[in-house]
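Me: Got a minute to go over the charged pairs in this one? Here it is.

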Amino acid sequence: MLAGLLALVMPGVAAAKRGGGALAAEVGDPWSLELVDGRGRTVLSEAAGTGTGEVGALGFRAGGEWFRATRIVSESTERKTQTLTLDTTDPDGRRIEVRIAQPGRGVVELDAGVAGGDLDDVTATGIGFDARKGERY
């Protein structure tokens with residue numbers, strides 16, 4: 001059972017180091033997510049914070065506190081879809097399940113949800129990104 005689904009669609013991005021456009025998504029362990037251009041330069045990187053505040057790495061809010069992804073527990077790839085299970089800072093052991101897919105040229109979908117344990121108090125999922133100086137969204 002999943003709670004707190006997060007879905008992002010990133011035009012122009014290819015799934016985890018498989019290329020297919022001007023940008024690529026790179027996933028690391030310990031958990032990290034970066035978007036890089038065709039020259040390998042970082043265009044956008046996930047915020048590295050694993051604290052309990054609003055801004056940080058991929059995570060979820062439960063009981064008024066944020067819990068963040070820390071490392072990849074398992075991963076599999078089928079066709080253009082990568083599925084990952086991530087450990088978190090949650091002392092109750094809840095994890096985040098992530099799916100990164102490339103449904104068409106130049107588009108990546110990232111879906112994430114909380115799995116395991118009590119999900120009744122999960123109220124949000126989110127991810128923060130570090131912006132380069134002068135960058136605006």
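Me: Start with R71. Is that side chain buried, partly exposed or exposed?
Reply: Partly exposed, at 42% relative accessibility. Keep in mind that this is a predicted model.

Me: What does R71 form a salt bridge with?
Reply: D87. The closest N and O atoms are 3.0 Å apart.

Me: Where do the two sit in the chain?
Reply: R71 is in strand β7 (residues 65-78) and D87 is in strand β8 (residues 81-88). They are 16 residues apart, so the pair links distant parts of the chain.

Me: And D87, buried or exposed?
Reply: Buried. Its relative accessibility is 16%, and the cut-off for buried is under 20%.

Me: OK, switching. What does R99 pair with?
Reply: D111, in a salt bridge at 2.4 Å, N to O. R99 lies in strand β9 (residues 95-104) and D111 in strand β10 (residues 107-115), so the bridge ties together parts 12 residues apart in sequence.

Me: How accessible are those two, D111 and R99?
Reply: D111 is buried at 19%. R99 is partly exposed at 29%.

Me: Which residues are linked in a network of salt bridges?
Reply: D90, D92, R94 and D121. Within it, the side chains of R94 and D92 meet at 3.8 Å, N to O.

Me: R94 in that pair: buried or exposed?
Reply: Buried, at 4% relative accessibility. D92 is exposed, with a relative accessible area of 59%.

Me: Last one. How many salt bridges does the count come to?
Reply: The count comes to 8.

Conventions: Residues numbered from 1 in each chain as written. Predicted model: local features only at pLDDT ≥ 70, side-chain atom pairs only at ≥ 80, totals over all residues. Heavy atoms only, no water. Salt bridge = Lys/Arg side-chain N within 4 Å of Asp/Glu carboxyl O. Helix = DSSP H or I, 4+ residues; strand = E, 2+ residues; numbered from the N terminus. Buried < 20%, exposed > 50% of the residue type's maximum accessible area, 1.4 Å probe, protein only.
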